[in-house]
Amino acid sequence: MNLISIRDLDKKEIEKILDLSEEMAAGKIKRKYDKILATLFFEPSTRTRLSFQAAALRLGMSYLDFSPETSSLKKGETFTDTIKVISGYADVLVIRHPKEGTARLAGDAIEKPVINGGDGGNQHPTQTLIDLFTIRKTKGKISNLNVSLLGDLKHARTMQSLVYALAMFGAKITLISPKGLELDPTLIKEVEEKFDAKIKTKSELSFNDADVLYVCRIQEERFADPYEAKRIKEQFMLKSEHLKNTKKDLVILSPLPKINEISHEIDANNKAKYFEQAHYGVPVRMAIIDYLLGRQTRN
Ligand code: NCD
């Protein structure tokens, strides 16, 4: 009943949500819910918070937006007490928190479905569903595609969820990150064992065989040393020159925001699909809400 980690879904369930997203995007599903969604964001957000709220409105729902700064948390109320109370006001909760494991804690503490809108550097499963949807939509498939993942693979929760899902769907993954920001080897080992995943690592910014290039930001807020983050940020940027010998139908994606990681002129390149990807946030999140609430009523 919760969506905390991408591991909570198997391939069949993901395919079902992607198909449902397709129908949502085409305006085919006219289901309306007399329900309330609560968004509880303890970290900044534009896309996840607003697209969940837009998705709720499009499903005929209302939403409550909890603001930690003006809540009784400031008086010293605990997180668990807070969400227990809010679970009596809403039917489904979306939680983003800087601490890994918080969404799981919330899901265990209350009866209502909890959706993880990102917990620290751990997981961001709904972003991954948007990523898979965008890949399927732009490339027609996911399996056997060459997908290059570029950026802060150590701290980006989007990457932790995405690597797992891409491996599950049989994509061929290449990892490229600044030194010291490599993907956790435990995750690589997990997907190699579970899905027989093909994962390569390289250091140069060349994407000649890539079908998809997915870029994530240097996650400055998760660095122990802010000077180190600044140093890496200043050196790290995808520029038009890196795209020179790439395939004609390469698709460039990003969960956004992009700060300096993608040079602005790339926005005008027709390979860049990240704004389209951000817009798919609404139909995909409609499908996620519908899937969780629908499953709840069927059970
Ligand atoms: C991501 C996040 O919050 O993890 N943003 C998003 O939800 N689209 C990516 C990021 O902040 O870099």
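This text walks through some of the charged pairs in the structure above and then turns to one alanine. The model is a predicted one, and everything described here should be read with that in mind.

A useful starting point is a general one: side chains of opposite charge can pair when their charged atoms come close. In this structure there are 21 salt bridges, and three of them are followed here, with attention to where the partners sit and how much of each is accessible.

In one of these pairs, the side chain of arginine 136 meets that of glutamate 22, with 3.7 Å from N to O. Arginine 136 belongs to helix H5, which covers residues 125–139, while glutamate 22 belongs to helix H1, residues 11–25, so that the pair links distant parts of the chain, 114 residues apart. Arginine 136 has a relative accessible area of 22% and is therefore partly exposed, because buried means under 20%. Glutamate 22, at 29%, is likewise counted as partly exposed.

Another salt bridge joins the side chains of arginine 222 and glutamate 43, at 3.0 Å from N to O. Here the partners lie in loops: arginine 222 is found between strand S8 (212–215) and helix H8 (226–235), and glutamate 43 between strand S1 (36–41) and helix H2 (47–58), so the pair ties together parts that are 179 residues apart in sequence. Arginine 222 counts as buried at 17% relative accessibility, and glutamate 43 is buried as well, with a relative accessible area of 12%. These two residues also take part in a network of salt bridges, in which Glu43, Arg157, Arg217, Glu221 and Arg222 are linked.

The loop between S8 and H8 also holds glutamate 220, whose partner, lysine 233, lies in helix H8, so this pair ties together parts that are 13 residues apart in sequence. Their side chains meet in a salt bridge of 2.7 Å, again taken from N to O. Glutamate 220 is partly exposed, with a relative accessible area of 32%, whereas lysine 233 is buried, with a value of 17%.

The last stop is alanine 197, which lies in the loop between helix H7 (185–195) and strand S7 (198–202). At 11% relative accessibility, alanine 197 counts as buried. If its neighbours within four places in sequence are left aside, alanine 197 is in contact with Ala167, Val191 and Glu192. Arginine 217, a member of the network described above, is 20 residues from alanine 197 along the chain, and the C-alpha atoms of these two residues are separated by 24 Å.

Technical notes: Residues are numbered from 1 along each chain as its sequence is written. This is a predicted model: local features need pLDDT of at least 70, side-chain atom pairs count only at pLDDT 80 or more; totals for chains, interfaces and linings use all residues. Side-chain values use heavy atoms; hydrogens and water are left out. A salt bridge is a side-chain nitrogen of Lys or Arg within 4 Å of a carboxyl oxygen of Asp or Glu. Helices (H or I, at least four residues) and strands (E, at least two) are DSSP runs, numbered from the N terminus. Buried means under 20% relative accessible area, exposed over 50%, partly exposed in between (1.4 Å probe, protein chains only). Contact means heavy atoms within 4.5 Å.
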